[in-house]
Amino acid sequence: MSPQTPRSGDGGPRKGSSSGGSSGGGPRRSGGGSSSRGSAPQRRSGSSQRSGGPHRSGGPQGSGAPQRGSSGTTKPSQPTRLPERREPVGPPIDVHDPDGVRLQKLLAAAGVGSRRVCENLITAGRVEVDGHVVTELGVRIDPDRQVVHVDGTRVQLDESRLYLAFNKPLGVVSTMSDDLGRPSVGDYVLNRKERLFHVGRLDADTEGLLLLTNDGDLAHRLQHPSYGVPKTYLAQIPGPVPRDIGKTLRAGIELEDGPVKVDSFKVVDSAPGKALVEIVLHEGRKHVVRRLLEAVGHPVITLVRTDVGPIHLGELRSGKMRPLTRAEVGRLYEAAGL
């Protein structure tokens with residue numbers, strides 16, 4: 001609405017004045033008070049015009065400032081409204097467990113932040129319990145049966161759960177013990193009280209990232225191909241590499257146990273007679289990378305796994321392990337659909 005356009009409140013009383021006058025003489029209405037009722041809108045109209053004509057804002061002080069919410073109140077560089085807080089869909093559900101632990105205490109213990117930071121996250125509507133936004137600080141929950149997300153990322157509240165990244169050396173078999181006496185992954189966790197198991201396998205001639213955990217549900221999803229969690233490998237192969245090899249691998253190769261195709265393929269580096277290539281796929285079949293490259297005429301010389309989903313090997317030295325951060329565990333849960 002243009003500031004020069006009269007407001008509907010200014011014109012309303014004048015229109016009412018006219019209709020009030022005509023109704024005063026109607027046969028179905030009382031004539032005793034018709035004159036006074038007909039004149040009242042005129043007095044209100046005059047008052048309205050005095051308090052603020054069509055060229056004024058109509059505010060209580062009669063100032064010429066634009067009304068709040070009009071086009072003149074906000075500069076182009078200012079936000080017009082705050083971001084909407086995510087609200088639960090459907091009727092509110094009580095997630096409070098009177099025998100549980102305060103939510104902010106659990107979040108702080110899980111490494112989300114200090115107790116005060118966690119309280120602020122709750123009151124800001126950034127914490128969900130079992131899929132429902134919680135904004136009250138007095139809520140208690142059961143960490144063993146309830147699921148908590150902060151900003152959409154799951155937080156692991158069970159302090160007994162352990163998540164490790166391990167750089168498996170060459171010659172080590174992916175078992176927790178070996179009847180033949182060969183070096184195994186279990187030899188590197190002998191001093192830990194937790195019963196750990198490895199997520200997937202790497203053959204003895206392949207080195208690189210292997211995840212260890214006691215979270216069975218997460219481990220199952222990470223290694224099952226139906227959940228599509230990608231694994232990244234660096235392979236050294238004989239060169240030169242034909243230009244169409246990536247297209248062939250992405251289209252799929254028929255192996256003895258069925259077709260396999262990679263998610264991506266690229267040449268990272270090349271030297272006379274050899275090349276370093278990166279392969280990403282979510283298959284977990286035995287020796288699948290070696291069999292794929294051999295099928296296209298480039299058998300593997302060396303093979304390293306560098307990534308499992310969002311977790312990177314990074315600078316972790318061979319034979320060493322490190323605990324995953326809270327953020328890394330959250331991203332693993334997200335990748336596995338938990």
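Which residue in β5 is the bridge partner of Val127? In this predicted model, that partner is Val150. The wider pairing is between β2, residues 127-129, and β5, residues 148-150. Three bridges join these two strands, and they run antiparallel.

The pair belongs to a four-stranded open sheet. Its order is β3-β2-β5-β6, with antiparallel pairing. β3 (132-133) and β6 (153-155) stand at the edges, each with a single partner strand, so one side of each has no neighbour in the sheet. As background, strands of a sheet pair through backbone hydrogen bonds, either parallel or antiparallel.

Turn next to helix α5, residues 216-223. Its buried residues are Leu218, Ala219, Arg221 and Leu222. Buried here means under 20% relative accessible area. Why do they sit on the same side of α5? They cover an arc of only 165 degrees around the axis, which puts them on the same side of the helix. What covers these residues includes the strands β7 (163-168), β8 (197-199), β9 (207-213) and β10 (231-238). Helix α8 (326-335) is also part of that cover.

Now the empty space. Rolling a probe the size of a water molecule over the atoms shows where such space is left. The largest pocket holds about 550 Å³. It is lined by 27 residues, and the closest to its centre are Arg201, Leu202, Asp203, Lys286 and His287. α5 appears again here: α5, β10, α7 (288-295) and β15 (302-308) are the elements that give two or more residues to the lining. By character, the lining residues divide into ten nonpolar, seven polar and ten charged.

Definitions and conventions. Residues numbered from 1 in each chain as written. Predicted model: local features only at pLDDT ≥ 70, side-chain atom pairs only at ≥ 80, totals over all residues. Heavy atoms only, no water. Buried < 20%, exposed > 50% of the residue type's maximum accessible area, 1.4 Å probe, protein only. Arc of directions from axis to C-beta. Contact = heavy atoms within 4.5 Å. Pairing = 2+ DSSP bridges. 1 Å grid on protein atoms, 1.4 Å probe; cavity = no way out; pocket = protein on both sides within 12 Å on 5 of 7 lines; lining within 4 Å. Points joined across faces, edges and corners; volume = space filled by probe spheres on them. Nonpolar A, V, L, I, M, F, W, Y, C, P; charged D, E, K, R; others polar.
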